[in-house]
Amino acid sequence: MRPLDPEDPQEVAGYRLLARIGEGGMGRVYLSRTRGNQPVALKVIRREYAQDEEFRRRFEQEATSARRVQGYYVVPVVDHDTTGPQPWLATAYVPGLALDQLLSEHGTLPLTTVLQLTGCAAEALHAVHKAGVIHRDMKPSNILVGSEGPWIIDFGIARAADATQLTRSGGLIGTPQFMSPEHAGGQELTPATDVFSLGLIAAVAATGRHPYGDAGAITLATKIANSEFRPPDLTAYPEPLRTVLERTLAADAAARPTPSELAELCQELSGRPLRDFTGWLPAPVAADIARREQLARQQGEAGSGPHSGDVAGAETVPPPSVEETGAVHLGATAAAHTAPPAGVASGGYTPTHASRPGGQPHHGRAQPAPPTGSPTPLPHGAPPSTGPSAAPSAARSRTPLAAGAAVLALVVAATAAWVLTRDDDTDSARGSGGRPASPPSTGASPTGNATPNGYTEIFKDKPLTLRAQFTSNRISYTNVDLDEPKIDTKALSEGKGNELQYEEFGETYILRFLTTMGKSSGTTPEQCAEGAAADAVPSELGDDAQGEHLTPGTVLCTVTDEDNLAMLTIKDVVVQKDAAGVEGRDYVTELTLWRAP
């Protein structure tokens with residue numbers, strides 16, 4: 001929670017905004033309260049979406065569908081409106097941690113916790129699918145972890161952007177590294193797509209490792225789309241998690257378990273009832289969530305001043321049961337779901353066709369509290385977490401979770417890319433300074449030419465040419481190890497010990513830098529080291545970006561995975577075409593390698 005910024009509205013459609021909870025690709029999310037003083041999270045859609053009439057139509061359709069979803073572990077949509085200057089949507093508020101944030105701040109979770117989380121999320125997906133909705137964007141940031149279990153959010157809402165002008169020019173429709181093979185391949189989706197995504201989430205939550213390896217978003221989506229021919233290697237995952245992954249990550253959607261079957265399997269493997277949340281989280285995580293719940297209660301008490309009467313024309317009705325609404329208790333005191341839930345179902349409801357002040361139609365039942373003055377200021381953020389993290393360093397420092405969403409129309413072409421931080425096993429050998437505790441060996445021998453600053457030349461101006469492969473199946477990987485140097489044109493993935501990868505997918509060639517690559521202003525090792533540290537180029541370059549960044553005369557520098565300093569000078573770029581007219585670039589380069597002091 002953060003205080004409202006000057007540009008934030010004070011109220012939206014009668015909902016007084018108390019604090020800003022977060023910000024995403026579609027808009028900002030605020031904390032508010034119903035007339036019955038129940039907390040809600042109110043998402044206000046960005047103006048660029050609001051100006052698109054097709055988006056408004058789709059948003060109304062999806063929000064209406066989402067409101068049909070009722071069940072445990074589903075954060076219910078309680079209100080929405082598409083008619084105002086900015087569309088908005090309100091859900092019950094869960095004062096927990098998004099799973100991606102939890103993993104980033106506390107590290108990976110115990111296997112028992114992950115199995116329980118997966119089983120509960122599967123129960124939520126059962127409710128989503130029963131309402132005729134497919135989530136389509138299951139990812140760690142769409143799972144909230146609370147003291148009373150996990151909750152899924154944003155089911156189906158992101159689809160509202162699919163057909164808009166914004167999407168057609170580069171908006172958001174999914175998260176490639178958590179897509180199913182059929183989603184990544186642009187095929188028709190069924191509920192099984194959500195089960196596949198949940199399997200990927202379980203793997204990352206338990207180990208910090210993505211089943212398809214350590215790569216950027218587009219590369220991971222490419223591998224996922226190719227699952228039928230190159231399934232992921234799951235042998236490194238511990239039992240009983242591997243059993244779950246083998247079933248949920250089946251390339252054939254029909255072979256995956258249903259959400260109900262997955263929930264039963266997880267309960268059996270975890271050895272505890274899915275709805276028993278006594279001590280289900282590690283102590284540091286539970287303490288962090290408890291502090292957030294306390295902050296939410298304090299904000300509710302500060303913002304629960306005297307209210308005016310019910311909205312004009314609204315007839316209050318008794319709160320419905322959980323079977324009627326799917327609403328569940330969101331506070332911090334209930335220990336299980338056996339007691340009658342309170343949550344948003346405790347008072348403050350009005351008939352569906354009640355109206356707001358000013359005659360606006362009311363699309364839901366949870367009436368907002370009328371504005372009663374300025375919101376109480378909040379401290380910046382929740383109190384910091386205490387206690388040591390139990391996660392391995394690799395899970396803390398580099399996970400496939402630090403990512404945003406990107407438009408992807410795989411099989412036709414990859415139309416967007418962004419940087420994902422990497423998770424590799426070299427961190428376990430690194431000291432606090434980020435370098436290996438002892439210098440690793442390299443296949444090349446130093447020439448003995450040392451600079452005044454201590455760099456020792458290993459080799460200089462060694463020819464190295466990176467060629468487009470033009471394979472018949474349009475899928476190939478070329479890996480480059482700058483320490484050797486060595487080019488592997490038959491790689492199955494980027495692997496370990498490589499600094500570059502040249503990937504062919506369909507009619508697109510993607511150049512990936514597996515270590516941070518920068519541009520150098522000169523050819524001395526000192527200039528090279530400075531460029532590698534201060535002038536980084538994007539970690540993934542598509543066709544157009546390659547033409548912009550990689551021209552003859554460009555000097556690229558990086559610290560290799562063996563801690564050497566590599567300088568790659570582009571001497572020439574040759575554009576080749578195959579018989580079908582597909583273009584690919586050959587890079588003629590010279591490589592110099594120094595051993596760092």
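Me: What makes the largest cavity in this model a cavity and not a pocket?
Reply: A set of points counts as a cavity when a 1.4 Å probe fits there but cannot get out, whereas a pocket is an open set. The largest cavity has a volume of about 90 Å³. Do keep in mind that this is a predicted model.

Me: How many cavities of 30 Å³ or more are there?
Reply: The count comes to four.

Me: How do you know which residues line the largest cavity?
Reply: A lining residue needs an atom within 4 Å of a cavity point. Here the lining is made by L464, T465, L466, L500, L511, F513, L550, L556, L568, I570, Y587 and T589.

Me: Which strands each supply at least two residues of that lining?
Reply: They are β11 (456–466), β15 (508–513), β19 (564–577) and β20 (583–595). The largest share, three residues, comes from β11.

Me: What classes of residue make up the lining of the largest cavity?
Reply: The lining has 10 nonpolar, two polar and no charged residues. Leu, Ile, Phe and Tyr all count as nonpolar, so L464, F513, I570 and Y587 are among the nonpolar ones.

Me: Now for the helices. Why are α4 and α10 called roughly antiparallel?
Reply: The axes of α4 (residues 111–130) and α10 (residues 259–270) cross at roughly 160°. Angles over 145 degrees count as roughly antiparallel, and therefore this pair gets that name. Their axes come within 8 Å, and the crossing is left-handed.

Me: Which residues of α4 and α10 meet?
Reply: On the α4 side they are T112, L115, T118, G119, A122, E123, L125, H126 and H129, and on the α10 side P259, S260, L262, A263, C266, L269 and S270. By class, this contact has eight nonpolar, seven polar and one charged residues.

Me: What makes α9 and α10 roughly antiparallel?
Reply: Helix α9 (residues 241–248) packs against α10 at an angle of about 170°. The cut-off is over 145 degrees, so α9 and α10 are roughly antiparallel to each other. Their axes are 10 Å apart, and α9 passes α10 in a right-handed crossing.

Me: Which residues make the contact between α9 and α10?
Reply: From α9 come T243, V244, R247 and T248, and from α10 come E261, L262, L265, C266 and L269. The classes here are five nonpolar, two polar and two charged residues.

Me: Let's turn to the backbone. Which peptide bond leading to P240 is cis, and where is P240?
Reply: The bond from E239 to P240 is cis, with omega near 5°. P240 sits in the loop between α8 (217–225) and α9.

Me: What is the omega of the cis bond from E484 to P485?
Reply: That bond has omega near -15°. P485 is placed in the loop between β12 (475–481) and β13 (486–488).

Me: Why are A13 and D563 worth pointing out?
Reply: Most residues other than glycine have a negative phi. A13 is not a glycine, yet its phi is positive, about 50°. D563 is not a glycine either, and its phi is positive at about 70°.

Me: Where are A13 and D563 found?
Reply: A13 belongs to the loop between β1 (11–12) and β2 (15–16). D563 lies in the loop between β18 (555–559) and β19.

Definitions and conventions
Residues numbered from 1 in each chain as written. Predicted model: local features only at pLDDT ≥ 70, side-chain atom pairs only at ≥ 80, totals over all residues. Heavy atoms only, no water. 1 Å grid on protein atoms, 1.4 Å probe; cavity = no way out; pocket = protein on both sides within 12 Å on 5 of 7 lines; lining within 4 Å. Points joined across faces, edges and corners; volume = space filled by probe spheres on them. Helix = DSSP H or I, 4+ residues; strand = E, 2+ residues; numbered from the N terminus. Axes fitted to C-alpha atoms, helices over the stretch in contact; angles between N-to-C directions. Parallel < 35°, antiparallel > 145°, perpendicular 65-115°, else oblique. Left-handed = near helix turned anticlockwise from the far one by under 90°. Contact = heavy atoms within 4.5 Å.
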